[in-house]
4 protein chains.
Amino acid sequence: MSRDNYNPAIHHLGRRLRLAVIGGGPGSFIGGMHRQAARLTDSYDLVAAAVSANPERALEGGRNLGLAEERIFSDGLKMIDAESRREDGAEVIAIMTPNDSHLLFSKAALKAGMDVICDKPMTNTLKEAEELAALVEETGLIFRLTHNYTGYPMTRQAKAMVETGELGEIRLIQVEYVQGGKADESQPDPKGAEAPWRFDRVKGGPSLVMGDIGTHAHNLIRFVTGLEVAEVAAEAGAIVPGREIHDYTGALLRMEGGARGSYWVTQAAAGVENSLSFRISGTKGSLEWNQEIPQRLTFKPLGQPAQTRTPNGPGTLPLSAWSSHIVAGHPEGFPDGFANIYRDAAEAVAARRAGSSPRPESLSCPDHRDGLSGIRFVTAVLESSEKGSAWTKVK
Amino acid sequence: MSRDNYNPAIHHLGRRLRLAVIGGGPGSFIGGMHRQAARLTDSYDLVAAAVSANPERALEGGRNLGLAEERIFSDGLKMIDAESRREDGAEVIAIMTPNDSHLLFSKAALKAGMDVICDKPMTNTLKEAEELAALVEETGLIFRLTHNYTGYPMTRQAKAMVETGELGEIRLIQVEYVQGGKADESQPDPKGAEAPWRFDRVKGGPSLVMGDIGTHAHNLIRFVTGLEVAEVAAEAGAIVPGREIHDYTGALLRMEGGARGSYWVTQAAAGVENSLSFRISGTKGSLEWNQEIPQRLTFKPLGQPAQTRTPNGPGTLPLSAWSSHIVAGHPEGFPDGFANIYRDAAEAVAARRAGSSPRPESLSCPDHRDGLSGIRFVTAVLESSEKGSAWTKVK
Amino acid sequence: MSRDNYNPAIHHLGRRLRLAVIGGGPGSFIGGMHRQAARLTDSYDLVAAAVSANPERALEGGRNLGLAEERIFSDGLKMIDAESRREDGAEVIAIMTPNDSHLLFSKAALKAGMDVICDKPMTNTLKEAEELAALVEETGLIFRLTHNYTGYPMTRQAKAMVETGELGEIRLIQVEYVQGGKADESQPDPKGAEAPWRFDRVKGGPSLVMGDIGTHAHNLIRFVTGLEVAEVAAEAGAIVPGREIHDYTGALLRMEGGARGSYWVTQAAAGVENSLSFRISGTKGSLEWNQEIPQRLTFKPLGQPAQTRTPNGPGTLPLSAWSSHIVAGHPEGFPDGFANIYRDAAEAVAARRAGSSPRPESLSCPDHRDGLSGIRFVTAVLESSEKGSAWTKVK
Amino acid sequence: MSRDNYNPAIHHLGRRLRLAVIGGGPGSFIGGMHRQAARLTDSYDLVAAAVSANPERALEGGRNLGLAEERIFSDGLKMIDAESRREDGAEVIAIMTPNDSHLLFSKAALKAGMDVICDKPMTNTLKEAEELAALVEETGLIFRLTHNYTGYPMTRQAKAMVETGELGEIRLIQVEYVQGGKADESQPDPKGAEAPWRFDRVKGGPSLVMGDIGTHAHNLIRFVTGLEVAEVAAEAGAIVPGREIHDYTGALLRMEGGARGSYWVTQAAAGVENSLSFRISGTKGSLEWNQEIPQRLTFKPLGQPAQTRTPNGPGTLPLSAWSSHIVAGHPEGFPDGFANIYRDAAEAVAARRAGSSPRPESLSCPDHRDGLSGIRFVTAVLESSEKGSAWTKVK
């Protein structure tokens with residue numbers, strides 16, 4: 001079901017959804033990714049933006065997006081307010097600000113009746129996460145979280161294979177998310193007022209590595225296996241001497257139902273680019289995937305030759321087919337996976353606004369429940385780490 | 001230089017380019033790819049379309065694209081005419097119709113002062129190609145050809161490494177383009193009026209495999225090495241019994257300057273998805289690349305360990321950096337490579353229309369000269385094949 | 001320094017070493033591997049054998065090896081005794097019996113003045129290991145342990161790169177040893193008297209997975225990094241319901257000097273063959289290796305393109321060159337790595353017996369100290385596992 | 001059927017075969033490979049050697065092999081004569097001399113009633129090949145040719161899959177053998193009397209690249225597909241300026257039965273190690289293999305997910321099982337493949353001498369017919385190349 005043959009907004013509403021963004025100013029990596037994801041789906045018109053709290057940067061950024069000045073803001077709350085008063089105002093708010101403001105902007109948007117697409121992690125603290133999740137439930141509005149690695153055709157194929165029973169009962173899980181961006185010890189970490197918000201424990205959260213990538217790794221195995229982590233024995237810390245933020249976490253996992261797992265995330269592995277990978281073993285076989293070559297999923301069925309599965313290749317299940325937009329052999333990439341999150345969100349939002357039913361494939365998209373689960377996991381990891389890696393329940 | 005940080009149209013003109021498309025109706029693979037490429041760049045507004053010669057399909061397709069009915073057409077020539085009369089009419093025409101109409105529509109567009117983005121192959125016959133190339137030169141307008149595999153960051157890195165001398169003098173070239181789409185012999189080829197245009201020698205050209213993929217393989221090695229094929233000894237034919245169109249071509253190559261090469265293209269290799277790959281060896285090392293994992297380029301320097309180059313990874317040269325939009329380790333895919341062609345085209349068109357200079361990185365984009373070279377190559381291959389694979393000059 | 005150009009026994013002694021084996025009877029996997037390793041080196045003549053405690057099988061096995069009946073035994077101790085009385089008696093005893101008899105036979109051999117090559121793990125218990133290590137030190141004889149994965153050219157290249165400082169200071173270690181041989185839950189584990197010795201905690205040791213493969217994983221990272229594990233937080237257990245022996249162990253590692261690590265071994269990952277792999281990150285780069293493709297070592301230097309190192313390829317260091325016997329591109333395999341252990345042993349034994357100095361490259365071969373370290377690690381893992389994965393010192 | 005569990009010589013004769021070697025003196029790559037292959041099988045005792053025509057080197061080499069001086073020779077013919085007179089004389093002669101002497105020594109051995117293992121190519125000229133093939137037929141003795149790449153478990157698995165019909169009818173063949181050993185243009189080729197024999201057209205044959213590696217590539221596709229090349233359009237030459245020997249050959253192939261193919265061999269591809277690879281496509285699927293990772297065979301069945309086959313992994317056919325000596329996941333290498341040729345030879349020789357039947361799996365081993373076919377192919381390639389790459393029958 002390629003993007004081109006099915007446009008959720010046009011399908012349900014006969015028009016595109018009106019989107020406003022908060023955050024993602026000039027130079028932001030993730031801001032461009034969000035906006036391009038929206039464009040790829042062809043289901044959104046970007047109508048307003050507050051890409052920066054700095055008025056000049058907000059204006060520059062908004063103009064580069066081709067927006068009229070009246071719809072360019074430097075205060076996200078004011079934008080939500082202004083847009084909510086327009087007949088042609090934004091219906092969907094996409095939030096890509098520092099983590100500590102996710103709750104603030106989400107709350108305002110939801111209270112204004114807008115649907116929300118929010119960058120991960122959902123919040124910094126468990127209290128915030130619980131408040132936001134409750135509000136989403138209460139309003140009945142759509143909230144989607146850009147755990148974008150769940151948008152790849154092959155992670156979705158993996159999830160679908162588990163759901164259809166091709167793996168049998170899940171027994172063992174290995175997940176790693178290894179990067180090298182914080183490995184160069186000749187470059188001291190930025191500190192003080194000029195440091196990026198990620199390095200500030202208030203804005204960026206209690207554990208940099210967990211907020212940045214640890215929640216992705218956690219969410220990905222939940223997504224594929226459908227299992228929650230029940231207990232964790234973990235150590236989080238800084239491997240680089242003198243570093244004040246966390247740059248690695250190792251953990252042993254006990255999953256609900258009894259599966260066991262190994263979890264390893266770090267941003268201090270010199271020379272490694274972006275190795276998010278898993279091996280998931282069930283009674284009938286194992287699945288292996290690595291984000292650096294996301295167009296391949298290895299399936300090793302018990303007693304049969306290993307298989308290499310590809311997007312839209314033989315054996316593609318509906319959830320993966322929904323998420324693959326080209327014929328087999330023409331690899332899509334990170335932007336397409338990210339766009340699948342936006343497309344799922346468009347399906348949910350457009351169907352809700354049209355009073356119609358969203359396609360079931362769109363419902364695997366991460367939402368507030370996944371966000372809450374992620375913060376619970378981070379909380380348990382940090383608690384275990386402080387208690388000498390004692391087994392700690394995730395709750 | 002990510003798409004997000006640099007929008008050619010906004011940069012040069014302060015606005016997006018107005019784009020109209022001909023061809024690419026409902027169900028077309030390539031139509032969606034073109035339009036999504038345009039969206040990814042954020043440099044075009046799609047303002048008009050003639051996606052099908054069938055009025056009903058044209059209307060359905062146009063509506064799905066969110067176009068006003070007055071700008072939906074079933075006749076590309078009429079659309080060009082109508083748009084050329086509007087003040088806000090299309091400036092760029094993208095053509096993705098059967099090959100035999102590329103000249104017709106390109107000519108009309110160029111004569112109307114519009115810039116052109118055309119699908120490959122440029123034309124079916126050498127006569128057509130020569131006419132079109134001459135017209136492009138004469139008008140001074142922009143003509144770009146979607147040999148999209150030249151849009152990948154790593155094919156561009158390869159070209160840049162050759163240009164900067166990292167390979168030394170080119171000695172040996174291997175290129176293959178192997179697919180399996182026409183391998184299933186239990187499925188007879190479509191024939192007669194209902195057959196897709198590709199199977200019609202008038203519309204699809206004299207050699208299906210050469211038009212579909214053979215020109216891609218030829219163009220890719222020219223792109224990377226900067227060398228033209230001087231002579232060819234070739235055999236083109238049908239390996240599947242009873243087939244009337246060509247499904248394979250093998251050739252030996254003599255390049256200008258003396259390098260030698262091997263060329264192999266087929267659509268009848270059962271089970272193979274889309275293996276376009278090359279090995280290019282110079283006096284200082286070899287480069288290896290395969291489209292199925294386009295985010296990797298292997299460089300094997302003489303006497304040193306082999307290297308794996310990645311988009312935006314260490315050693316990235318300007319042409320590749322211009323074409324990579326994410327930090328290393330986050331693979332972009334086929335759509336992003338395709339979009340790089342549209343972005344190069346936007347840079348050229350917007351700069352021309354603004355009277356400014358296009359960025360030099362954008363000038364490697366395939367144009368009418370590449371299209372003409374491709375048709376010359378096809379012509380020589382078929383001539384050699386008919387003459388018992390005798391060495392035949394490409395001219 | 002290929003096997004063919006340098007024969008340790010011929011070099012130091014002008015003749016081959018006389019070898020006797022205990023264990024490895026008909027049907028044994030490891031027995032054939034040991035004997036073939038000896039043959040590959042061309043440094044041993046097999047002169048006596050007690051391949052089985054069962055007299056008939058011992059006889060059959062010995063005859064298949066082409067031995068004279070007087071030198072075929074079913075009792076290893078008797079063989080050691082008999083051989084020690086012959087002028088042309090065995091000089092080296094290779095032991096490949098169940099783990100609980102390694103001490104017994106090693107002791108007898110050492111006391112008879114014979115050098116020993118012993119299969120891993122060195123012993124089942126720490127007490128045994130300490131006794132054996134002390135005896136080796138006391139006698140001054142050669143004792144080598146077939147942790148054969150340290151014999152591959154590329155694990156040796158990795159070690160050598162760490163030693164020469166190419167990785168800088170070691171920061172992070174990941175190691176996994178994942179197999180699927182015990183994943184098929186439709187096949188209940190053998191129990192009772194007919195079960196293979198591995199399933200008997202007395203003969204096979206307290207933790208099957210640790211003895212079989214966990215000690216390999218532990219030894220390999222020590223070998224490459226030169227660092228001991230200082231503390232471990234671990235869980236060992238059975239993931240397959242109803243299983244009585246251990247089939248997985250997960251652990252977090254604290255290395256001496258402060259590096260951190262993740263350790264994961266299991267024999268219950270359905271469909272996985274023999275995935276022993278590591279990633280070792282230092283301040284200057286990371287090394288990645290997987291036993292299933294042992295002829296490749298990936299080096300990812302900080303800020304430079306990733307490299308693929310190959311046996312005898314560019315950049316080969318002396319320890320690896322010593323262990324690679326063919327020109328680059330002709331991959332050697334598991335038997336060749338195993339044979340490198342036998343070759344190192346031959347070098348040590350022949351030099352000792354000749355009163356000459358062994359080549360320094362031969363001294364990286366695992367010995368009693370490595371064996372003792374392995375049993376200490378197993379002991380700490382099991383202790384931690386029993387104490388709720390509490391951090392436990394390895395001592 | 002591991003080497004350890006089945007020793008052809010012991011099985012058929014109750015003893016090892018007596019082997020003598022000609023050629024492979026100190027420093028020879030291939031000499032060590034042959035002797036180690038013999039040792040790996042445990043089916044031969046090396047009893048005599050003429051490793052060099054230079055008496056001093058012959059003596060040094062023979063002593064290093066632990067031979068008695070009376071069985072060390074510098075003249076192969078004299079060795080054959082002397083051994084043929086001994087009761088315990090050599091039964092099998094292995095020949096690894098310059099190509100132009102293969103006929104001479106083979107003839108002498110066969111005439112003395114000895115079986116022969118000969119390095120490839122069988123001879124330099126077609127006349128020699130025909131004479132030798134006829135003599136083998138006439139004597140009924142065993143003659144095996146070390147086209148060792150046919151000894152890998154996965155090339156044998158490929159052959160067996162074709163034979164059992166898993167590929168259907170063969171349609172398309174691609175084979176390349178690409179090396180970089182002659183790419184460094186700063187190192188001029190050795191010339192004159194001091195040049196290695198390979199560079200001498202009389203000793204090394206009319207085309208260096210064809211004799212060295214071209215015959216391997218040709219033989220491998222015949223082996224796997226069971227098809228002969230019927231016609232060839234080829235160009236052989238020197239790509240390096242000023243070079244007098246051939247360093248590349250490109251060819252188009254027409255196979256008997258109609259399959260088409262592409263053939264590319266060169267030793268001048270800078271930085272490439274030893275890339276012998278094929279893709280063979282039949283009506284039911286394709287097989288892909290590359291010698292640099294010989295433990296993997298990719299099978300892409302039509303309409304089903306691609307599979308990765310491994311030695312002794314699921315789906316292993318008898319010919320491959322016969323040739324794999326370890327449990328899956330423990331990769332064997334080049335020496336093991338080479339040894340499989342020696343083992344097949346031992347099976348044939350021992351069965352013949354015992355008057356028993358050889359195992360059918362051993363009969364796929366290359367022999368004089370394969371050698372003759374190879375020389376016919378070289379002859380046709382060179383003829384085609386001289387005639388402007390005209391299609392030339394292989395006969």
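These are my notebook entries on a predicted model, covering one chain contact and several backbone details.

**Entry: the contact between chains D and A**

I looked up which residues form this contact and found 10 residues from chain D and 10 residues from chain A. On the side of chain D that touches chain A, I noted three nonpolar, six polar and one charged residues.

I then turned to the strands. Strand 13 of chain A, residues 306–309, pairs with strand 13 of chain D, residues 306–309. The sense of this pairing is antiparallel, and it runs over three bridges. Within strand 13 of chain D, I found D:Thr308 standing opposite A:Ala306.

**Entry: cis peptide bonds**

In chain B, I recorded a cis peptide bond between B:Lys120 and B:Pro121, with omega about -10 degrees. B:Pro121 belongs to the loop between strand 4 (115–118) and helix 6 (126–139) of chain B.

In chain C, I recorded a cis bond from C:Lys120 to C:Pro121, with omega near -10 degrees. The place of C:Pro121 is the loop between strand 4 (115–118) and helix 6 (126–139) of chain C.

**Entry: positive phi angles**

A:Ser389 is not a glycine, yet its phi is positive, at about 65 degrees. I located A:Ser389 in the loop between helix 12 (368–386) and strand 14 (392–393) of chain A. Is this residue buried or exposed? A:Ser389 counts as buried because it has 25 C-beta neighbours inside 10 Å, and the cut-off for buried is 20 or more.

B:Asn312, also not a glycine, has a positive phi of about 60 degrees. I found B:Asn312 in the loop between strand 13 (306–309) and helix 10 (318–322) of chain B. With 20 other C-beta atoms within 10 Å, B:Asn312 is therefore buried.

How values were computed. Residues numbered from 1 in each chain as written. Chains lettered and ligands numbered in written order. Predicted model: local features only at pLDDT ≥ 70, side-chain atom pairs only at ≥ 80, totals over all residues. Contact = placed C-beta atoms within 7 Å. Nonpolar A, V, L, I, M, F, W, Y, C, P; charged D, E, K, R; others polar. Pairing = 2+ DSSP bridges. Helix = DSSP H or I, 4+ residues; strand = E, 2+ residues; numbered from the N terminus. Buried ≥ 20, exposed ≤ 12 C-beta atoms within 10 Å, placed from the backbone.
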